[in-house]
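Below are my notes on the model you sent, set out as numbered points. I begin with the sheet, then turn to the helices that pack on it and to one residue in some detail.

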Amino acid sequence: MATNNAIINITNLRLRTYIGFNDEEKRKQQDIIVNAEIHYPASQLCLSDKVESALNYKTLTKRMIAHIEQGRFLLLEKLVADTLAICCDHPWVSYARVSIDKPHALRFADSVSLTLEQQQPTRHPNPPEQESYHVT
């Protein structure tokens with residue numbers, strides 16, 4: 001039986017954080033834009049409309065928001081790597097890709113962005129019915 005791949009896309013999540021190493025950047029929060037793509041196996045349970053069989057994107061997004069808004073980052077690379085780690089933390093995730101834009105970072109550019117992606121080893125080919133992922 002073939003396994004379907006579910007793909008969650010979080011598009012243009014607009015947040016503010018401390019990002020950069022210049023004095024002004026350390027004192028003032030800046031806008032960033034997060035885009036994430038998260039793959040996980042879509043089991044028959046997920047396709048049959050059972051909530052516990054789907055990856056909870058709201059919980060995942062809340063974790064990203066909390067980490068980003070409460071953090072201080074010198075490098076965009078560190079911010080993207082941390083966000084990617086949050087996306088890959090769930091055992092069902094097989095692949096994730098995160099891009100973060102820092103608007104107005106360069107004088108004549110709309111933004112500067114960095115993208116990282118990670119392929120996970122197969123951990124749970126089909127999410128079990130009784131297992132759910134909730135973080136408070």
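1. Two strands are taken to pair if DSSP finds at least two bridges between them. On that footing, β4 (residues 95–103) and β5 are joined by 9 bridges and run antiparallel, and within this pair arginine 97 stands opposite glutamate 117 of β5.

2. Please keep in mind throughout that this is a predicted model. Its secondary structure amounts to 4 helices and 5 strands, which follow one another from the N terminus as β-α-β-α-α-β-α-β-β. Of the 136 residues in the protein, 39% count as buried, and among the contacts with a separation of 6 or more, 65% are between residues 24 or more positions apart.

3. How are the 5 strands ordered in the sheet? The sheet is open, with the order β3-β1-β2-β4-β5 and mixed pairing. Its edges are formed by β3 (72–73) and β5 (111–119), each of which pairs on one side only.

4. Two helices should be described together with this sheet. Helix α3 lies across β1 (4–19), β2 (30–42) and β3, and runs at about 25° to β1. Helix α4 also packs on the sheet, where it touches β1, β2, β3, β4 and β5, and its direction makes about 40° with that of β5.

5. The two helices also pack against each other: α3 (residues 57–70) and α4 (residues 76–88) do so at an angle of about 155°, with their axes 10 Å apart. Because this angle is over 145 degrees, α3 counts as roughly antiparallel to α4. The crossing of α3 past α4 is right-handed.

6. Which residues make the contact between α3 and α4? From α3 come Leu60, Arg63, Met64, His67 and Ile68, while α4 supplies Leu79, Asp82, Thr83, Ile86 and Cys87. By type, the residues of this contact divide into 6 nonpolar, 2 polar and 2 charged.

7. Isoleucine 65, which is placed in helix α3, may be worth a separate look. Is isoleucine 65 buried, exposed or partly exposed? Its relative accessibility is 25%, and since the partly exposed class lies between 20% and 50%, isoleucine 65 counts as partly exposed. Once neighbours within four places in sequence are left aside, isoleucine 65 is in contact with Leu13 and Leu15. The C-alpha atoms of isoleucine 65 and threonine 17 are separated by 9.8 Å, although these residues are 48 residues apart along the chain.

Conventions. Residues numbered from 1 in each chain as written. Predicted model: local features only at pLDDT ≥ 70, side-chain atom pairs only at ≥ 80, totals over all residues. Heavy atoms only, no water. Axes fitted to C-alpha atoms, helices over the stretch in contact; angles between N-to-C directions. Parallel < 35°, antiparallel > 145°, perpendicular 65-115°, else oblique. Left-handed = near helix turned anticlockwise from the far one by under 90°. Contact = heavy atoms within 4.5 Å. Nonpolar A, V, L, I, M, F, W, Y, C, P; charged D, E, K, R; others polar. Buried < 20%, exposed > 50% of the residue type's maximum accessible area, 1.4 Å probe, protein only.
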